[in-house]
Amino acid sequence: MLTRRPRGTNDILPDEAARWQAVEEIIRGVCRDFGYGEIRTPVFEHTELFQRTAGESTDVVRKEMYTFQDRGGRSVTLRPEGTAPVVRAYLENGLHAGPQPVKLYYLTTPMFRYERPQAGRYRQHHQFGAEVLGSLDPAVDAELISLPIELLRRLGIEDLGVRLNSIGCPNCRPGYVAALREHFRPRLDDLCADCRTRFELNPLRMLDCKNEGCRRHKEAAPRSVDYLCGECADHFQGLRTYLETLGVRYTVEPTLVRGFDYYTKTVFEVFYTDLGAQDAVCGGGRYDGLVEELGGKPTPGIGFGLGMERLLYVLADLGRLPQVERGITVFVATAGDDVKPEALRLVRDLRRAGIPADVDYGGRSLKSQLKFADRYPARYVVILGSDELARGSAPLRDLRTAEQRDVPLDRLVQELAELRARD
RNA sequence: GUGGCCGUAGCUCAGGUGGUUAGAGCGCCAGGUUGUGGCCCUGGAGGUCGGGGGUUCGAGUCCCCUCGGUCACCCCA
């Protein structure tokens with residue numbers, strides 16, 4: 001137990017962390033090019049924030065939140081999603097008073113959901129997300145959807161699918177929900193127990209039931225896009241036109257509904273079939289009522305979350321993991337303890353010059369040190385012994401070519417800097 | 001929260017019908033002449049057989065519980 005990490009969590013070891021960093025750098029580059037600024041919000045928030053925004057009836061709020069009392073008796077919750085905290089910060093910090101729209105992204109803070117782990121699902125996971133607040137322009141929707149597409153393109157992936165739907169707004173959704181109920185009411189006896197519950201609580205959910213018996217009945221079910229009000233229909237049409245303008249390929253998926261109650265109009269997913277049951281790499285949508293729900297002026301918004309673990313999985317599956325070099329450039333091997341001070345100073349000087357360098361700390365034989373340097377892997381080895389100190393020069397060995405020559409001690413740093421620049 | 005499969009060294013795995021000191025490969029450490037890696041050879045370290053209980057003269061092997069991994073459902077990144 002002492003040496004076991006909590007269920008659904010992961011250790012990211014150096015080799016893998018390097019790949020994360022490489023992907024994160026590409027993400028930051030895309031965000032910069034799209035004009036999104038980074039925002040970092042707390043790992044935990046007041047519990048009410050998530051209860052109010054995600055919706056009391058959602059699974060996330062009902063059974064998946066890491067909620068606890070702090071020592072002051074307040075109920076706080078480890079963030080299960082990224083949108084609500086960003087909207088909270090937008091209001092709390094007066095970003096609504098500046099130029100609109102405000103374009104933000106987040107990357108570092110993990111998310112927490114108490115669920116049974118499975119492929120691509122963890123209790124602590126990481127999301128890259130972006131949000132745009134303050135514009136209802138469907139071109140914003142198109143830009144936001146094209147952002148992860150551009151990211152994937154830069155990562156060397158062109159062919160992930162995009163599912164798109166519009167689930168309407170408070171004006172038109174009630175009519176659609178009524179139509180759904182009308183459609184399913186006569187068939188209730190045929191449906192699974194879950195769907196009978198959904199019928200009461202949230203009929204939209206009945207659409208993505210995977211139960212074979214229920215699937216039959218949703219074929220003929222009414223589609224939300226056929227019940228949109230004028231504003232929503234125009235918005236959806238505008239979005240589709242802009243997506244085509246930007247060359248984003250997508251399919252309209254009438255059964256696509258998302259898990260948070262705050263979504264309005266646009267919902268979308270970027271998916272990768274080989275991921276298994278959780279095939280959504282990225283999911284998001286518009287939330288035009290959320291800011292008002294938190295006490296702000298009516299302000300439209302849209303955003304997405306992209307699962308980092310899932311993205312890394314896709315990259316690995318496609319053989320597109322970024323190549324990262326690990327290891328030092330120079331290893332200083334020592335023959336005898338009396339040269340250790342000089343070795344330490346040499347390593348210090350190399351590091352100061354920006355040349356990754358290391359030295360033996362195990363008191364090992366020269367042979368072992370060479371072997372160690374080889375595995376590290378180091379490109380060059382400098383061999384220091386009392387002879388070398390006496391004559392003022394030392395062998396510099398290229399482990400790749402096995403070439404070795406003597407270099408004056410006071411020229412080593414410069415020599416290695418030049419070799420490195422040449423690589 | 002529900003269900004299927006799984007749980008032996010750091011890693012990948014062997015260990016018929018329960019029976020002496022639990023094995024292999026890889027990895028790790030060391031040695032193979034005097035100060036030189038990658039190949040090869042030799043040796044060494046390393047295992048509460050996930051944990052607990054039970055059956056038995058005796059369990060890694062059988063039974064129960066539990067924890068964990070994995071996949072699926074619910075839902076989601």
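Me: Is the crossing of H5 and H9 left-handed or right-handed?
Reply: In this predicted model, the crossing of H5 and H9 is right-handed.

Me: Where are those two helices, and at what angle do they pack?
Reply: Helix H5 covers residues 138-154 and helix H9 covers residues 230-246, and they pack at an angle of about 45 degrees with their axes 8 Å apart. Angles from 35 up to 65 degrees fall outside the parallel and perpendicular classes, and H5 and H9 are therefore oblique to each other.

Me: What about H12 and H15, how do their axes cross?
Reply: The axes of helix H12, residues 340-352, and helix H15, residues 412-422, come within 10 Å and cross at roughly 45 degrees, so H12 and H15 are oblique to each other. The crossing of H12 and H15 is right-handed.

Me: Changing topic, how is chain A divided into domains?
Reply: Chain A is divided into domain 1, which is made up of 14-172 together with 228-317, and domain 2, which runs over 330-415. The centres of domain 1 and domain 2, taken over C-alpha atoms, are separated by 50 Å.

Me: Now the RNA: which residues come nearest to strand B?
Reply: There are 50 residues around RNA strand B, and of these Arg-113, Arg-121, Arg-258, Gly-259 and Leu-399 come nearest.

Me: What does Arg-121 contact there?
Reply: A polar side-chain atom of Arg-121 lies 2.3 Å from a base nitrogen of RNA strand B.

Me: And which residues have polar atoms by a phosphate oxygen?
Reply: Gln-118 has an N or O atom in its side chain 3.1 Å from a phosphate oxygen of RNA strand B, while for Ala-119 a polar backbone atom is 2.8 Å from a phosphate oxygen of that strand.

Me: Which elements give two or more residues to that surface?
Reply: The helices that do so near RNA strand B are H3 (59-63), H7 (193-201), H13 (366-375) and H14 (386-391), and the strands are S7 (124-133), S11 (280-286) and S12 (301-307).

Me: Which one gives the most?
Reply: H13 gives the most to the surface near RNA strand B, with 7 residues.

Me: How many residues of that surface are charged?
Reply: The surface near RNA strand B has 24 charged residues, along with 14 polar and 12 nonpolar ones.

Me: And on the RNA side, what share of the atoms within 4 Å of the protein belong to sugar or phosphate?
Reply: Of the atoms of RNA strand B within 4 Å of the protein, 55% belong to sugar or phosphate, and the rest belong to bases.

Note on methods: Residues numbered from 1 in each chain as written. Chains lettered and ligands numbered in written order. Predicted model: local features only at pLDDT ≥ 70, side-chain atom pairs only at ≥ 80, totals over all residues. Heavy atoms only, no water. Near = heavy atom within 4 Å. Polar contact = N/O pair within 3.5 Å; in protein donor to acceptor, adjacent residues only side chain to side chain. Helix = DSSP H or I, 4+ residues; strand = E, 2+ residues; numbered from the N terminus. Nonpolar A, V, L, I, M, F, W, Y, C, P; charged D, E, K, R; others polar. Domains from an automatic or database assignment. Axes fitted to C-alpha atoms, helices over the stretch in contact; angles between N-to-C directions. Parallel < 35°, antiparallel > 145°, perpendicular 65-115°, else oblique. Left-handed = near helix turned anticlockwise from the far one by under 90°.
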